[in-house]
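Biologist: Please take one part of this model and go through it closely. I would like the sheet in the first chain, strand by strand, and then how the rest is arranged around it.

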Amino acid sequence: MPELTRWLAPSLLGGLLAAGALFPALAADETPKRGGTLFYHMVSEQRVLNPATRASNGVYEITGKIVEPLIDRTYDGYVGVLATEWSSSEDGKTITFKLRQGVKWHDGKPFTCDDVSFTAMEFWKKLLNYSSTLQQYLEAVDCPDPHTAVFRYSRPMPLSLLVAAMPDLGHPLPKHLYEGTDYLKNPHNTAPVGTGPFKFVQYERGQYVIAERNEDYWRGKEYPYLDRIVWRFIPDRSAAAAALEAGEIHESGFIGISMADIERLSKDPRFDVGTKGYENNVAHSTIEFNHRNKALADIRVRRAIYHGLDIDRAIKTIMRGFAKPGRGPIPSAGGINYTDDVKVYEYDPEKAKALLDEAGYKPGPDGIRLRLRHRPAPWGEYTQLWAEFFAQSMREIGIDVTLLTNDAPTFLNGVYRDHDFDTANGWHQFRADPAVSTMVWLRSGAPVGTPWSNQFGYKNEKLDKMIDDAASELDPEKRAKMYHEIQRLVMEEVPIIFAIEHPFISVTSKKVKNHHNTPRWNSSSAYDTWLAE
Amino acid sequence: MLNYLLKRIVQVVPVVLIIMIGTFLLLKLAPGDTVDALVGDMGGADPQVIARLRAEYGLDQPVWVQLLVYMKKLVQFDFGWSFVHEQPVATVLMSRLGPTLLLMLSSLFFAVSIGSVLGMIAARKAYSLTDNVISTLGLIFYATPSFFLGLMMIVLFSVKLGWLPVGGIQTIPSFYSGWDYVIDVAEHLILPTASLSLIYLALYMRLMRTSVLEVADLDYVRTARAKGAGGARLMIHHIARNALLPVITLLGVQFSTILGGSVVIETVFALPGLGQLAYQAVIQRDMNVLMGLVFLSSVLVIVVNFLIDLIYASLDSRIELS
């Protein structure tokens, strides 16, 4: 039904934008009510509740309410939580944080620079995924006084990079509970102690996690508004949608229910459905090429494949309009580092076929020019459907794509260790700054077997140098220009197709107030959330 | 009796060992290990972190070394540590055993009891309208996939009518204790048990029906009827005991299969049971939990089969425990 889908997505998007614009105005008029229990839906269980050993959304959604970072991101920019000020020296090798005074851990002990120094050196640098690359040049964290932390680096660290990484990768842990213990087996990894608005109460495996109000919260006696938060693990997405409708859970985030249910509930007056609150959690759907395959090493073939993809159609049918075409490795949520002044590949199957002819891949007697084996990442609806869309689109231009089914470890090994694939599609999350987890897709030199890195057999020395220079450029303006150049080069060469950028989607009951009021709301502390019921 | 029990245990030990070694090697054949699955969950990691984790979990050793280490621990009844759950395996298994056993036993109980009664009724009125209705209903429930039945029941009873909870094993946060807690859990188990038992009910119904029709033709039944035994007494006192034998056999076999079938129901209803645990253990390549589960399942199946043998011997005096 092409006519229906043509007006459905824009009107849906338009309606959501209008609702989004109205919403802040409504919320501001109501006075927060104290009390109540908020129920979150968790589709999978992370099992470790320590944001300083595990950097993942599933962990933040729970621990973000209990353990706070130094800096958080709001719609007004980066705001200090456990830090109040930050500055860098001229040479960029010393970054100083002033820490908030009068903050106590949930067990009553004071929060000081010792906690920050300990966590940075033992966890952020050594154990926390993505953080260990970020902090690899961290030499020491000095404490000239209990409320000043001085980070000393052996190479220049751009302040904007560190600040952008702090909301996810900057959670201090209580030194007095971790020092001298086996860090990975410490019982507080599943019973976190933090400074946040909610105190951990109970973790019942396979069922739920409960946290209750911290009566001594540093923001003041009036916060948090909620009495209690419960996170319920419901692995079946249809059952979760039923739970939302029955009023047993208030919010399902990170696309926790199926897209069909999301679309259905977006028309239900009891729910707010949208991407607001996920601006810090944007991901790309990609097509990754194994450059060891002779055909895919030819830039004309890769460009032909890009021309063979009707991105707008995919956005309408798979993401139901909650997405935008990608313009390179850095998504539009990348702030000043983003540019869309790049080469664009329009959907043009004839041009695709011409390019393939030019590259020497003419159709055989069965109409097939090229055969490819494709590995889809098994993370969710988008990746599966996008893989099928890719296979169908390629058939139109004479490329036969075989989809291999695999679970998570098989996929990771198949692509990143054994390189047993021709094309693959993944879900690449952008973590606030390109240097955190995005450039590693393009830079050569990652050891074999490192997941989510350049294991594609692609090496471009010019690009490598640009990436390294940008990672240590201190001037934010100059740095942004460097990333624009990288964006342009990647769109010229297309070593990977960053096809579609999409934030996550939440379905929230309208009873929840002040929801999704920061760009990383689901990972943040919910100190000002309240329930109207 | 004790001799018999001991003999059975001795016979069973090599079987269990073979199953466990086989499972271990099979899982090792699957590409990827615990750390890969963990990294997949986390959304990425750097090579240093990954290498560190592998060393920590002993996964950088060759396969036969890992097997030996595991077997050595097993003979001391040390089931090891689950890196996925961050708990000893024994704790993980024990905490999940309850809901699964409860679900399985209640489903089988209802399936067997209601199925047998319906089978008896159907046989009594063989080829009549009642018989056809019962058989057709049985067929419908048997053919319905368990996840579909479960979800449809949720939509009807939880969302539309609001009578029963959507999922989980208890209301949270709940501070129930004693009888309130029991009633709360029972309420949460109504839908899952109904879904699971409706499917198996059909099997027992058909089997009982056929069995009763067969037994009803035997000489001793004709004699009893000639002696004046009426409908109900004939059925319950004379026929049922013998007709039940095939049903009991199926029950023994089904116990093992229902453990696998519970994965779907446990997932749909978010019950923290062994079925879901097994599925997760494979996806996460949690070797220790999977091995522990296989051991536990083997023990359960053996115990159940032993009990079935005892029931046989008591039902049918021609059968003797040797």
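Modeller: What follows describes the sheet of chain A, then the contact with chain B and the division of chain B.

This is a predicted model, in which local features need pLDDT of at least 70, side-chain atom pairs count only at pLDDT 80 or more, and totals for chains, interfaces and linings use all residues. Residues are numbered from 1 along each chain as its sequence is written, and chains are lettered from A and ligands numbered from 1 in the order in which they are written.

Confidence comes before the sheet. The pLDDT is the predictor's confidence in each residue, from 0 to 100. Chain A has a mean pLDDT of 90, with 95% of its residues at 70 or more. In residues 18-28 of chain A the pLDDT is below 50, and this stretch has 4 contacts in the model beyond near neighbours in sequence. Two residues are in contact if their C-beta atoms, placed from the backbone, lie within 7 Å.

Now the sheet. Helices (H or I, at least four residues) and strands (E, at least two) are DSSP runs, numbered from the N terminus. Two strands pair if DSSP finds at least two bridges between them. In chain A, 4 strands make an open sheet in the order E4-E5-E7-E6, with antiparallel pairing. Its edge strands are E4 (83-88) and E6 (138-145) of chain A, each of which pairs on one side only. From one strand to the next the twist averages 20°.

Starting from the E4 edge, E4(A) pairs with E5 (residues 94-99) of chain A in the antiparallel sense over 5 bridges. Within this pair, Trp86(A) has Phe97(A) of E5(A) as its bridge partner. E5(A) also pairs with E7(A), in the antiparallel sense and over 5 bridges; here the bridge partner of Ile95(A) is Phe151(A) in E7(A). E7(A) pairs in turn with E6(A), antiparallel over 5 bridges, and Asp142(A) stands opposite Val150(A) of E7(A). A hairpin through 2 residues joins E6(A) to E7(A).

The side chains of E7(A) alternate: Ala149(A), Phe151(A) and Tyr153(A) point to one face and are buried, whereas Thr148(A), Val150(A) and Arg152(A) point to the other and are not. A residue is buried if 20 or more other C-beta atoms lie within 10 Å of its own, exposed if 12 or fewer, and partly exposed in between, with C-beta atoms placed from the backbone.

Next, the partner chain. In the contact between the chains, 44 residues of chain B meet 47 residues of chain A. Helix H2 (34-42) of chain B is among the elements that give two or more residues to the side touching chain A, and H2(B) gives the largest share of that side, 6 residues. That side of chain B has 23 nonpolar, 13 polar and 8 charged residues. Ala, Val, Leu, Ile, Met, Phe, Trp, Tyr, Cys and Pro count as nonpolar, Asp, Glu, Lys and Arg as charged, and the others, Gly among them, as polar.

Chain B is itself divided into domain 1 (20-78) and domain 2 (100-315), with bounds from an automatic or database domain assignment. The centres of the two domains of chain B, taken over C-alpha atoms, are 37 Å apart. Their contact takes 10 residues from domain 1 of chain B and 9 residues from domain 2 of chain B.

Notes
Axes are lines fitted to C-alpha atoms, for helices over the stretch in contact, and angles run from 0 to 180 degrees between N-to-C directions.
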